[in-house]
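Please open the model in your viewer and keep the selection tool at hand. The stops below take you from a surface patch to aromatic rings and then to charges over rings.

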Amino acid sequence: MVDYLLLGVAAFSAGLVDAVVGGGGLIQLPTMFSVFPNMAPATLIGTNKLASIFGTSVAAVSYARRVAIAWSVAAPAAIAALVFAFLGAYTVTQVSAEFMRLLLPVVLVAVAIYTFARKDFGSVHAPVHSGVKEQTLALLVGSGIGFYDGFFGPGTGSFLVFLFVRIFGFDFLGASAVAKIVNVACNFAALIWFGYSGHLIWQLGLLMAICQIAGAFIGSRLAMKHGSGFVRQLFLIVVSLLILKTGYDAWLRW
């Protein structure tokens with residue numbers, strides 16, 4: 001009972017953080033590994049995806065009802081992410097992801113420094129692209145991040161938020177809204193793969209999904225209530241924690 005309570009709290013917290021800036025996997029997945037240390041990692045990752053897709057879907061719907069979603073970016077990015085996340089999941093069964101584990105902390109440090117140094121970064125929603133160029137860039141972002149999510153995964157939501165601010169000129173709130181749409185596509189593609197390979201515990205995933213939904217519901221409303229400044233601050237906190245966690249895993253743990 002204590003283990004399930006711990007998983008429920010972790011899922012709620014992950015749903016809340018994911019709904020704002022992404023990075024909920026930093027909370028939920030390590031908790032699952034600590035509660036089930038002898039379970040196959042692929043099964044835990046697949047079950048984590050099952051719970052997460054419910055949270056990200058609720059967050060996406062909440063944003064869509066209250067924030068103007070840039071569908072000209074969200075739709076092509078989500079379609080590309082759906083395809084390439086599946087390809088990434090397949091590729092990781094053929095090629096080692098070790099180099100990504102070593103490179104990730106360095107990339108996250110660069111993201112954090114850039115965001116912190118530019119105080120006005122993501123404070124104003126001023127899209128800088130339109131038409132074919134906008135859609136082409138959306139396809140590229142969706143393809144790259146989708147493949148990364150399927151191949152490796154940590155920090156996917158945070159990378160999406162950063163790229164939608166940096167490349168498209170969105171504010172943090174608008175970027176987070178679009179990121180949720182793409183996240184749903186990534187999670188769905190991963191679920192297809194893990195479901196096909198049998199790496200899912202449906203009862204546990206659905207139980208955690210209830211907590212994820214509650215967290216996502218509250219997180220999305222906090223983001224919309226407090227605006228881009230709040231999202232930016234939480235983004236920097238989550239990225240900093242990701243740096244510590246991934247840096248430890250990459251350079252100190254082994």
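A residue is called buried when its relative accessible area is under 20%, exposed when it is over 50%, and partly exposed in between, with a 1.4 Å probe and protein chains only. This is a predicted model, in which local features need pLDDT of at least 70 and side-chain atom pairs count only at pLDDT 80 or more, while totals for chains, interfaces and linings use all residues. Residues are numbered from 1 along each chain as its sequence is written, and side-chain values use heavy atoms, with hydrogens and water left out.

**The nonpolar patch**

Begin by selecting Phe-84, which is found in helix α4; helices here are DSSP runs of H or I with at least four residues, strands are runs of E with at least two, and both are numbered from the N terminus. Phe-84 has a relative accessible area of 31% and is therefore partly exposed.

Now add Leu-82, Val-83, Phe-86, Leu-87, Phe-188 and Ile-192, which together with Phe-84 make a nonpolar surface patch of about 560 Å². The elements giving two or more residues to this patch are α4 (71–91) and α8 (172–197), and α4 gives the most, with 5 residues. Patches are made of residues with over 30% relative accessible area and no salt bridge, where like charges are joined within 9 Å and nonpolar side chains (Val, Leu, Ile, Met, Phe, Trp, Tyr) within 5 Å. A salt bridge is a side-chain nitrogen of Lys or Arg within 4 Å of a carboxyl oxygen of Asp or Glu, and accessible areas come from the Shrake-Rupley method with a 1.4 Å probe, only the protein chains shown counting as cover for residues.

**Aromatic pairs**

Rings of Phe, Tyr and Trp (its six-membered ring) pair if their centres lie within 6.5 Å; planes under 30 degrees apart count as stacked, over 60 as edge-to-face and the rest as tilted. The count by this rule comes to 15 aromatic pairs.

Select Phe-99 and Phe-151, a tilted pair at 6.1 Å centre to centre, with 40 degrees between the planes. Phe-99 lies in helix α5 (residues 98–117) and Phe-151 in helix α6 (residues 131–151), so the pair ties together parts that are 52 residues apart in sequence. Phe-99 is partly exposed at 48% relative accessibility, whereas Phe-151 is buried at 8%.

Move on to Tyr-114 and Phe-121, an edge-to-face pair at 5.2 Å centre to centre, with 85 degrees between the planes. Ring pairs link Tyr-114, Phe-121, Phe-162, Phe-172 and Phe-235 into a cluster.
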